[in-house]
Amino acid sequence: MNARLFSFGKAVRRCSSRAVEREKVFGGDHCLPLLQELSKPVLTHADAWDPTEADIERVVRLEDEAMKTKLVRPDEEHREASESVVDYCVSVFRKALDGGDTGLDHASHEGVDIVHVDYPIVPEWSDATGKKRGKSEWVLPSGVKPDADMPCRILYLPGGGYVRNAPDDGYRPLTTRIAAATGLPLLAIDYHKAPLFRFPTPLKDAMAALRYVWLYDAQGRHRPAEKVFLIGDSAGAGLGLSILLNLSALRDKPEAPLLVPTAIVTISAFTDLSCTLPSYKSRAWDPEKKTGDPIFSHGNTPEQLEKDITYSRVLGDLYLDSVDLRVLQHPIASTAYAPDRLFNWDALPPMLMQVGNDEVMLDDTMFLYHRAKAQGWNIELEIYDRMWHDWVMYSEGCGGGKPLLPGLRAVESLAAFVAKFVDEGKEPAA
């Protein structure tokens, strides 16, 4: 028998067997107690990685090496034009000093349809203003109708520091571009937000959404997917990692691998709620050189560093209800501090991690990447030169009329990453 056909046959049988088992375990309301069990963190802050100075120095050395091979820059032809847009965006951020709200993209991708979900994937909740929240929406690329077959799907988890944002609140420019670039239907959810709803409530929401996207299509019909991709930015990326590492902690349960996505993409992942990793200082804004984080840092003097880091830790306090640094390093909420054993589960999916070189949260990605890679997790890394936190949400060029090329390139790259797995297992041409 042809070796490629034999390999294809094995892959089909494996996927088919996993789908049958997933349907059996999670296909009805009888699974809800199990879903709650799989969403409950079994580790505490006492289980967190407690790095020595030598551990920190080792990862920083690896980070320096990665900059030589993983740094993404515009090609020479577009370098000057790209730098001009970057400089303009930085000037916008420094003038506004509003946490990056000024300059965000506004336009949704043309030809993409939004389909609201009536089923309460996330239970309805009210924010501090009394506004009803919890609505989910499908983002369908051109040519994909709500009643179409959807063998491959994306679950998108928006960021916002666990305290703000929703699929229809600033995220459609990004989610519609991702849906268009991948050609896949994308489900975005409005999980519960702190401080009214703290950890692990958002984790439970995300787990329920992952189960839903595996089993139901854009019309709410029971049509199981063949492949599901998990994508998130900032806190949403952190939440996606929380799902995987909590399942890893529960690996002795035979049901745990059934919800694992086909692959995951993280963008500017927020994985250190204690804000103690080195980049919170090393990527501080330098007003003389005009380098460093232009959004979340206001200067590099000792006083300003302390002020900025203390302010950033407020998000961890709101999410975990503590100012204790070790509590803020809970290994499932702050996954940069997950113990090594969680990174070596053979069910963990391939991952692409994208991060900006100038963001103070650089090490939220770099430390997890290097530690997890050392334990055998299949991870790809892209570091975008001069980019700030969530630069993909500024692809329109911060209102300057010219596109931010690194933002466009990052979406193209994640789409290419997803495409590898969409095509994987397809029967080869005769």
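Let's start inside: the lining of the largest cavity divides into six nonpolar, three polar and one charged residue. Keep in mind as you click around that this is a predicted model.

**Stop 1: the largest cavity**

Select Tyr280, Ala284, Phe296, Ser297, Gly299, Leu305, Asp308, Ile309, Ser312 and Val360, and you have the lining of this cavity on screen. The space they line comes to about 70 Å³. Now colour helix H9, residues 302–320: with four residues, H9 gives the most to this lining. How many cavities of 30 Å³ or more are there? The count comes to three.

**Stop 2: the second largest pocket**

Keep H9 coloured, as you'll want it here too. The second largest pocket holds about 820 Å³ of space. To find its centre, select Asp98, Gly99, Arg164, Phe296 and Leu315, which are the closest to it of the 36 lining residues. Which helix gives the largest share of this lining? That's H9 again, with eight residues. Try colouring the pocket lining by class: you should get 17 nonpolar, 12 polar and seven charged residues.

**Stop 3: just past H9**

Follow the chain out of H9 into the loop that leads to helix H10 (325–328), and pick Asp321 there. Phi of Asp321 is near 60°, which is a positive value in a residue other than glycine. Why stop for that? Because most residues other than glycine have a negative phi, and that makes a positive one worth a look.

**Stop 4: two cis bonds in one loop**

Next, go to the loop between strand E7 (186–188) and helix H6 (201–215), where you'll find Pro195. Pro200 sits in the loop between E7 and H6 as well. Zoom in on the peptide bond joining Ala194 and Pro195: this bond is cis, with omega about 5°. Then slide along to the bond from Phe199 to Pro200, which is also cis, and here omega is near 10°. For background, most peptide bonds are trans.

**Stop 5: H6 meets H7**

Carry on into H6 and show helix H7 (residues 235–249) along with it. The two axes come within 10 Å and cross at roughly 80°. That angle makes H6 roughly perpendicular to H7, so turn the view until you can see the cross. For the residues that meet, select Pro202, Leu203, Ala206, Met207 and Leu210 on the H6 side. On the H7 side, pick Leu239, Ser242, Ile243, Asn246 and Leu247. What classes of residue make up this contact? You'll find eight nonpolar and two polar residues, with no charged ones.

**Stop 6: H5 meets H12**

For the last stop, hide those helices and bring up H5 (residues 172–182) with H12 (residues 405–423). Their axes come within 9 Å and cross at roughly 45°. That makes H5 oblique to H12. Is the crossing left-handed or right-handed? H5 passes H12 in a right-handed crossing. From H5, select Leu174, Arg177, Ile178, Ala181 and Thr182. Facing them in the contact are Gly407, Leu408, Val411, Leu414, Ala415 and Val418 of H12. Colour this contact by class and you get eight nonpolar, two polar and one charged residue.

Key:
Residues numbered from 1 in each chain as written. Predicted model: local features only at pLDDT ≥ 70, side-chain atom pairs only at ≥ 80, totals over all residues. Heavy atoms only, no water. Axes fitted to C-alpha atoms, helices over the stretch in contact; angles between N-to-C directions. Parallel < 35°, antiparallel > 145°, perpendicular 65-115°, else oblique. Left-handed = near helix turned anticlockwise from the far one by under 90°. Contact = heavy atoms within 4.5 Å. Nonpolar A, V, L, I, M, F, W, Y, C, P; charged D, E, K, R; others polar. 1 Å grid on protein atoms, 1.4 Å probe; cavity = no way out; pocket = protein on both sides within 12 Å on 5 of 7 lines; lining within 4 Å. Points joined across faces, edges and corners; volume = space filled by probe spheres on them.
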